[in-house]
Each structure stands twice: as structure tokens, then as C-alpha cells.
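Here is a short briefing to read with the model open beside you. Take a look at the structure first, and then we will walk through it together.

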Amino acid sequence: MTARRDVRPTSDFFDDLHRQLPAERGEDGTPSRTDFELYELLAILDRFATGWEDLPPLIPGRDDYRVLIATGRLVRAYAVHGQLAADGVVELVFLRIDVGSQLGRHDL
């Protein structure tokens, strides 16, 4: 069994989140930043914590960078880049969100 890794989002990750989603939920169903943090971020953290070795390398030959591309509960899809820091913690350094047709947006 693989050990669970510690994961920490970086300020760049949160900057990406703030650029892509509004502070308040949109009338059209666009999720807010808080919605994303509550419904998507926990799954992202867990995936990097428990499945680092199973994620594909972001850069060929660089096993210290991995990428997660997944569908979300509230967004169509997202891509997250993780970097293994010198202290063994996975740092989330990049976030790209495809809001598209949100899944479950009316169920908030």
C-alpha cells in the first residue's frame, strides 16, 4: 500500500482559481470559488495524496511533476499540475478550469 502524501495548494494555484471563477455564484449556474473549494478541491487533494504514483508525468522524464485531468461535480473538467517538493509534499502549482456545462450546479 502506498503511503498517503501531504498536499498543499500554492498561492499560484489559488491565483488561478480566483482568475477563473467569480467570488459569488453566477445566476447562470457558474460556481463560485467557494463552491469549487468545497466540492472539487477535496477530491483533488485526495487524488494527489493517494495516487501520486499513478498520475501521468507532466513532463517526460520528470517524475517530480504530475498532472491530473478530471471531470468535476460542478465544472465540466479541470487540470491540475502538481510538483513534488524537496520536503516530500506535493504542491499544487497550476489550475485550469473548464466551466462548460456544469454538472449538478442546481443541486448546491
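Let's begin with one side chain: at 23% relative accessibility, Asp 64 counts as partly exposed. Please keep in mind that this is a predicted model. Asp 64 takes part in a salt bridge with Arg 62, with N and O 2.7 Å apart, and that pair is a handy way into the charged contacts below.

**Salt bridges**

- Arg 62, the partner of Asp 64 in that salt bridge, is partly exposed too, with a relative accessible area of 36%.
- Beyond this pair, Arg 5, Glu 53, Asp 63 and Arg 66 are joined into one network by salt bridges that share partners.
- In total, the structure holds 10 salt bridges.
- One of them links Arg 5 to Glu 53, where the closest N and O atoms are 3.1 Å apart.
- Arg 5 sits in the segment before strand S1 (7–9), while Glu 53 is in the loop between helix H2 (33–51) and strand S2 (57–59), so this salt bridge ties together parts that lie 48 residues apart in sequence.
- Glu 53 also meets the side chain of Arg 66 in a salt bridge, at 3.9 Å from N to O.
- Because Arg 66 belongs to strand S3 (residues 62–70) and Glu 53 to the loop between H2 and S2, this second pair ties together parts that are 13 residues apart in sequence.

**How covered are the network partners?**

- Arg 66 is buried, as its relative accessible area is 5%, and the cut-off for buried is under 20%.
- Arg 5 counts as partly exposed, at 23% relative accessibility.
- Glu 53, the partner of Arg 5 and of Arg 66, is likewise partly exposed, with a relative accessibility of 45%.

**Overall fold and dimensions**

- The chain's secondary structure comes to two helices and five strands.
- Reading from the N terminus, you will meet these elements in the order β-α-α-β-β-β-β.
- For 108 residues, a compact globule would have a radius of gyration near 13 Å, and the chain agrees with this at 14 Å.
- Along the principal axes, the C-alpha atoms fill a box of roughly 45 × 25 × 25 Å.
- Among contacts in the chain with a separation of 6 or more, 51% are between residues 24 or more positions apart.

**Surface, burial and charge**

- Of the 108 residues in the chain, 37% are buried.
- The chain has an accessible surface of about 6200 Å², and carbon and sulfur atoms account for 49% of that area.
- There are 13 positive and 19 negative charges in the chain, and their mean positions are 2 Å apart.

**A closer look at Thr 10**

- You will find Thr 10 in the loop between S1 and helix H1 (11–20).
- Is Thr 10 buried or exposed? Thr 10 is buried, because its relative accessible area is 18% and the buried class covers values under 20%.
- Leaving aside residues up to four places away in sequence, Thr 10 touches Glu 91, Leu 92 and Val 93.
- From Thr 10 to Ile 44 the C-alpha distance is 13 Å, and the two are 34 residues apart in sequence.

Note on methods. Residues numbered from 1 in each chain as written. Predicted model: local features only at pLDDT ≥ 70, side-chain atom pairs only at ≥ 80, totals over all residues. Heavy atoms only, no water. Salt bridge = Lys/Arg side-chain N within 4 Å of Asp/Glu carboxyl O. Helix = DSSP H or I, 4+ residues; strand = E, 2+ residues; numbered from the N terminus. Buried < 20%, exposed > 50% of the residue type's maximum accessible area, 1.4 Å probe, protein only. Rg over C-alpha atoms; globule rule 2.2 N^0.38 Å. Contact = heavy atoms within 4.5 Å. Areas by Shrake-Rupley, 256 points an atom, 1.4 Å probe, with all protein chains shown as cover. Lys, Arg positive; Asp, Glu negative; His and termini not counted. Charge placed at Lys NZ, Arg CZ, Asp CG, Glu CD.
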